[in-house]
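Here's a quick briefing to read with the model open next to you. We'll start with the backbone oddities and then zoom out to the whole chain.

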Amino acid sequence: MYTHDLDVDAASAGLKVKKAVFVEVSACDSHLVQEAQWVQDTYVNDPKSRLVAMTVSAPVEQGAAATARALDALQGCAVKGVRRLIQGREAGFARSDAFVQGVQEVARRRLPFELCIRAGARPEQCDDVLELVRRVPEGVFILDHVGKPNVAGKEFEEWAKFITALAQFPNCYCKISGLVTEAAAAWSVDDLRPYVLHALGQFGYNRCMYGSDWFVCTLASSILRWMAALCDIVDSASADEKQALFSATACKVYSLAS
């Protein structure tokens with residue numbers, strides 16, 4: 001059933017990609033094990049593959065026991081993180097007691113939990129995420145796609161306040177990705193620049209990591225164009241800062257060998 005060619009080599013030709021992490025694609029719950037096992041068998045187990053680990057989905061909104069069962073079923077897979085999409089759910093979804101307890105189970109297993117919201121279209125989700133993080137101080141969190149601000153509409157201030165608030169939690173990280181699909185079709189580097197720089201300024205390079213968002217990014221860009229845009233934005237960063245953004249932070253958070 002999973003037939004998309006995850007040819008990281010072809011998609012990133014010309015880039016020095018050493019390792020890649022697969023992030024779940026919101027498969028229906030009955031297929032979560034199959035998704036993870038397919039990634040494991042097809043890519044992780046291939047010594048030639050640069051895809052070395054995965055973030056999986058788990059029904060955290062069903063509480064700790066259901067989350068534990070789902071993750072126990074994935075033993076043998078290179079699971080390095082958990083994500084449950086929040087972006088399409090009702091207000092309050094991520095702050096329910098059951099959701100919090102599910103994320104606490106993720107934290108108990110020392111896995112990061114990835115937060116995928118739409119800050120631009122659904123600003124109430126920002127409050128939900130902040131409450132979730134407050135209630136699980138023992139967890140590690142990754143904000144995916146810089147929270148998906150409304151880049152096309154040049155909406156900045158409210159999103160920026162959220163980023164500043166989330167960055168106050170030292171256990172939170174930010175994935176610099178997903179901006180091209182939130183931008184206008186004819187986007188330029190300067191459209192993305194203020195969002196990237198604000199996230200980097202609040203979290204710091206040591207708590208930010210690059211993400212390709214491939215193959216979703218191909219709706220608006222190739223990996224090469226997105227990488228070129230980001231490199232332009234961080235051109236003045238130091239070598240250590242670039243190392244953190246493009247490698248070291250991800251290796252730390254996902255517990256990968258550097």
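A quick definition before we start: helices here are DSSP runs of H or I with at least four residues, numbered from the N terminus. By that count, helix H9 takes in residues 239-253, and Ser255 sits in the segment after it. Keep in mind that this is a predicted model.

**Backbone oddities**

- As background, most residues other than glycine have a negative phi, and most peptide bonds are trans.
- Ser255 goes against the first habit, with a positive phi near 55° even though this residue isn't a glycine.
- Ser255 is also partly exposed, at a relative accessible area of 48%.
- Arg110 is another non-glycine residue with a positive phi, this one about 60°.
- You'll find Arg110 in the loop that runs between helix H4 (97-108) and strand S4 (113-115).
- Is Arg110 buried or exposed? Its relative accessible area is 77%, and the cut-off for exposed is over 50%, so Arg110 counts as exposed.
- The peptide bond to look at is the one from Trp214 to Phe215, which is cis with omega near 15°.
- Phe215 belongs to a loop too, the one between strand S7 (208-210) and helix H8 (223-233).

**Fold and overall shape**

- How many helices and strands does the protein have? There are nine helices and seven strands.
- The radius of gyration is 17 Å, close to the 18 Å the globule rule gives for 258 residues, so the protein is as compact as a globular protein of that length.
- If you're setting up a box, the C-alpha trace spans about 45 × 40 × 35 Å along its principal axes.
- Among contacts with a separation of 6 or more, 81% come from residues 24 or more positions apart.

**Annotated domain**

- The unreviewed UniProt entry carries the annotation "domain: Amidohydrolase-related" for residues 38-255.
- Over residues 38-255, the chain is 42% helix and 12% strand.
- The end C-alpha atoms of that stretch lie 21 Å apart.
- Ser255, with its positive phi, is the last residue in the annotated range 38-255.

**Burial, surface and charge**

- Buried residues account for 51% of the 258 in the protein.
- The accessible surface adds up to about 11700 Å², and carbon and sulfur atoms hold 51% of it.
- On the charge side, there are 27 positive and 31 negative side chains.
- The centres of those two sets of charges are 4 Å apart.

Technical notes: Residues are numbered from 1 along each chain as its sequence is written. This is a predicted model: local features need pLDDT of at least 70, side-chain atom pairs count only at pLDDT 80 or more; totals for chains, interfaces and linings use all residues. Side-chain values use heavy atoms; hydrogens and water are left out. UniProt positions are given in the numbering used here, feature names are shortened, and annotations may be inferred rather than shown by experiment. Helices (H or I, at least four residues) and strands (E, at least two) are DSSP runs, numbered from the N terminus. Buried means under 20% relative accessible area, exposed over 50%, partly exposed in between (1.4 Å probe, protein chains only). The radius of gyration is taken over C-alpha atoms; the globule rule is 2.2 Å times the number of residues to the power 0.38. Contact means heavy atoms within 4.5 Å. Accessible areas come from the Shrake-Rupley method with a 1.4 Å probe; for residues, only the protein chains shown count as cover. Lys and Arg count as positive and Asp and Glu as negative; His and the chain ends are not counted. The place of a charge is taken as NZ of Lys, CZ of Arg, CG of Asp or CD of Glu.
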